[in-house]
Amino acid sequence: MKKQLMVMLFGAALVLGACGGEDTSEPDAPADSGGEETAAVDAEQVVQQNCISCHGENLEGAGNFPALNDVGSRLSEEEIRSVIENGQGAMPAGLIEGEEADAVAKYLAEMK
């Protein structure tokens, strides 16, 4: 019974730890952008903030979490985006959303 409780607590800690601390504040608008989008998503930074805790500092994979440093050789950009949106295995859905998810999928698809 103790073993099952420990496994359940460890699993819950993994899921909650993977959720990270999403920044929900809105970015300040530039003073005079002229309607142009000036800030691009830094996919590498998003990966560093959201993925390395499970997939390893160099995205080499850790435990039950697969390596991402060569994921582009296994999955297409669309497949990677689907995993980000829907989750897979121990990865919960929706950790990264919107433009960030698009940028991360493109970034990871280039890793071969």
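Reader: Let me start with a cysteine: is Cys51 buried or exposed?

Author: Cys51 is buried, with a relative accessible area of 10%, where buried means under 20% relative accessible area, exposed means over 50%, and partly exposed lies in between, with a 1.4 Å probe and protein chains only. This is a predicted model, in which local features need pLDDT of at least 70 and side-chain atom pairs count only at pLDDT 80 or more, while totals for chains, interfaces and linings use all residues. Residues are numbered from 1 along each chain as its sequence is written, and side-chain values use heavy atoms, with hydrogens and water left out.

Reader: OK, and how many disulfides does the structure hold?

Author: The structure holds zero disulfides, a disulfide being a pair of cysteine sulfur atoms within 2.5 Å. Cys51 is therefore unpaired, since its sulfur and that of Cys54 are 8.5 Å apart, too far for a bond. Cys54 likewise counts as buried, at 14% relative accessibility.

Reader: Stepping back, how many helices and strands are there?

Author: The protein has five helices and zero strands, and its elements run α-α-α-α-α from the N terminus on. Helices (H or I, at least four residues) and strands (E, at least two) are DSSP runs, numbered from the N terminus.

Reader: And what share of the residues counts as buried?

Author: Of the protein's 112 residues, 26% count as buried. Among contacts with a separation of 6 or more, 54% join residues 24 or more positions apart, contact meaning heavy atoms within 4.5 Å.

Reader: Which residues of helix α2 are buried, then?

Author: In helix α2, which spans residues 43-50, the buried residues are Ala43, Val46 and Val47. They cover an arc of only 100 degrees around the axis, so they sit on the same side of α2; the arc is that of the directions from the helix axis to the C-beta atoms. These buried residues pack against α3 (52-55) and α5 (98-109).

Reader: Which residues does Ile96 touch?

Author: Ile96 lies in the loop between α4 and α5 and counts as buried at 7% relative accessibility. Not counting residues up to four places away in sequence, Ile96 touches Val46, Asn50, Cys51, Ile84, Ala101 and Val104. The C-alpha atoms of Ile96 and Val46 are separated by 8.3 Å, although the two residues are 50 apart along the chain.

Reader: Changing topic, how many salt bridges does the structure hold?

Author: The structure holds three salt bridges, each being a side-chain nitrogen of Lys or Arg within 4 Å of a carboxyl oxygen of Asp or Glu. Side chains of opposite charge can pair when their charged atoms come close.

Reader: What does Arg81 do there, and which helix does Asp102 lie in?

Author: The side chains of Arg81 and Asp102 meet in a salt bridge, at 2.6 Å from N to O. Arg81 lies in helix α4 and Asp102 in helix α5, so this pair ties together parts that are 21 residues apart in sequence. Arg81 also forms a salt bridge with Glu85, with the closest N and O atoms 3.5 Å apart; both of these residues lie in helix α4, four residues apart, about one turn of the helix. Salt bridges that share partners thus join Arg81, Glu85 and Asp102 into one network.

Reader: Within that network, which residue is buried?

Author: Arg81 is buried, with a relative accessible area of 18%, whereas Glu85 is partly exposed at 41% and Asp102 is partly exposed at 39%. Leaving aside neighbours within four places in sequence, Arg81 is in contact with Gly98, Ala101, Asp102 and Ala105.

Reader: What about Asp70, what does its side chain meet?

Author: The side chains of Asp70 and Arg74 meet in a salt bridge, at 2.5 Å from N to O. Asp70 counts as partly exposed at 28% relative accessibility, and Arg74 counts as partly exposed at 44%.

Reader: Any backbone oddity to look at: what is phi of Leu59 near?

Author: Phi of Leu59 is near 60 degrees, a positive value in a residue other than glycine. Leu59 lies in the loop between α3 and α4, and it counts as buried at 4% relative accessibility.
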